[in-house]
Each structure stands twice: as C-alpha cells, then as structure tokens.
Amino acid sequence: MNTTKSSRRRASIVEINVVPYIDIMLVLLIIFMVTTPLLTQGVKIHLPKAATQTIPTDKAHPIIVTVDVKGNYYLNISANPNTPVDPMTLHNIVSAQIRSEQQQNQKPIVLVKGDNNANYGNVVQAMVLLQQAGASNVGLVTQPAKTSR
C-alpha cells in the first residue's frame, strides 16, 4: 500500500516562472525609450577653431555667389555682378557655366560668400541651388582670422 501512495504522488513542477523577468525587461525597455531621445537632443558642442587655408586655383575666375544680409544672391559671372539675381536665374547661369567648363575638361570652382549677419538658411539655400546646377564641390569664402600678438 505504501508503494501505491508514492507512485500516486504528483511529480514536482520543473518550470521557470518567467513573469518577473518579463516585468524587468519591460521596465528596462521603458527606461531606454525615455532616455534615448534625451541623449541626442540639447547636446552642447564647441566647434574647433582652425586657420583657413587658401584653395589653390588654376583658374583666374571662379564662380562666386554672394549672399547679403537681406538674402539677395549676387553672381560674379552674370551680366551685372552688382545686381541681385533670382534663384532660377542663378541656377540657369551657373548650370550653363559648369557645363561649358566641363566640356573644356576644366574643373569648375564654385564658392559661396555669405555675409556675417546673413541668415544661415539663405546661405544653405544658395549651396543647394549650386549643387542642383551641377556643382560637385562648393566652398565657403571666409576672412582670415586675426592673429593676436
């Protein structure tokens, strides 16, 4: 009789209760979801200061687009360099000049001269217009830094 009682006993359950692990995982997931955007926003950076170097040019007249404080564009290769040009005219003139230089196996040099107080968006828009016109490399013209003695 004793042997029948032991055989009728239930076998012990050998399962791991994973509910606490799932709870911990969900809490960690929420913590990471909340903290990740905080790590990428509001980061203070200090840009490096460096002396600018001149761009060696084999060409006497590079294409220079000037952006003034009011957001007007001036093009040194237009018929009237001191008269503002609209973005479409800028695109068309620069595109034609770049194609002409490329047909002559010359690499066009394209520069943007932005006023110190010009809107950053206007300078970037000028660079975008130049790239759409076919300029592969666009440089920025700066004043040399004053050296302290």
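These legends walk through several close-ups of one predicted model.

The model is predicted, so local features need pLDDT of at least 70 and side-chain atom pairs count only at pLDDT 80 or more, while totals for chains, interfaces and linings use all residues. Residues are numbered from 1 along each chain as its sequence is written, and side-chain values use heavy atoms, with hydrogens and water left out.

**Figure 1. The whole chain has four helices and four strands.**
Read from the N terminus, the elements go α-α-β-β-α-β-α-β. Helices (H or I, at least four residues) and strands (E, at least two) are DSSP runs, numbered from the N terminus. Of the 149 residues in the chain, 21% are buried; buried means under 20% relative accessible area, exposed over 50%, and partly exposed in between (1.4 Å probe, protein chains only). Among contacts with a separation of 6 or more, 57% come from residues 24 or more positions apart, a contact being heavy atoms within 4.5 Å.

**Figure 2. Four strands make an open sheet in the order β2-β1-β3-β4.**
The pairing in this sheet is mixed. Two strands count as paired if DSSP finds at least two bridges between them. β2 and β4 sit at the edges, each pairing on one side only. From one strand to the next, the twist averages 25°. As a reminder, strands of a sheet pair through backbone hydrogen bonds, either parallel or antiparallel.

**Figure 3. Here β1 (residues 63-67) runs parallel to β3 (residues 110-114).**
Five bridges hold this pair together on paper. Follow I64 across and you land on its bridge partner L111 in β3; do likewise from T66 and you get to K113. As for cover, four of the five residues of β1 are buried, which leaves the strand mostly covered.

**Figure 4. On to the hairpin of β1 and β2.**
Strand β2 (residues 73-75) pairs with β1 in the antiparallel sense, over three bridges. V65 stands opposite L75, and V67 has Y73 as its bridge partner in β2. Five residues lie between the two strands, and in this hairpin G71 takes a positive phi near 90°.

**Figure 5. At the other edge, β4 (residues 138-140) pairs with β3.**
This pairing is parallel, over three bridges. V112 has L140 as its bridge partner in β4. T142 comes along in the segment after β4; with a relative accessible area of 46%, T142 is partly exposed. T142 and G114 are 28 residues apart along the chain, and their C-alpha atoms are separated by 8.3 Å.

**Figure 6. Helices α3 (residues 87-103) and α4 pack at an angle of about 40°.**
Their axes are 9 Å apart. Axes are lines fitted to C-alpha atoms, for helices over the stretch in contact, and angles run from 0 to 180 degrees between N-to-C directions. That makes α3 and α4 oblique to each other: angles under 35 degrees count as roughly parallel, over 145 as roughly antiparallel, 65 to 115 as roughly perpendicular, and the rest as oblique. The crossing of α3 and α4 is right-handed, meaning the near helix is turned clockwise from the far one by less than a right angle (anticlockwise would be left-handed). On the α3 side the contact uses P87, L90, H91 and V94, and on the α4 side L129, L130 and Q132. By class, the contact has five nonpolar, two polar and no charged residues. For that count, Ala, Val, Leu, Ile, Met, Phe, Trp, Tyr, Cys and Pro are nonpolar, Asp, Glu, Lys and Arg are charged, and the others, Gly among them, are polar.

**Figure 7. Zooming in on L130, in helix α4 (residues 120-132).**
L130 is buried, with a relative accessible area of 0%. Leaving aside residues up to four places away in sequence, L130 touches V65, V94, V110, V112, A135 and V138. Take V112: L130 and V112 are 18 residues apart in sequence, and 9.1 Å apart in space, C-alpha to C-alpha.

**Figure 8. Last stop: N105, in the loop between α3 and β3.**
N105 is not a glycine, yet has a positive phi of about 60°. N105 is also exposed, with a relative accessible area of 73%.
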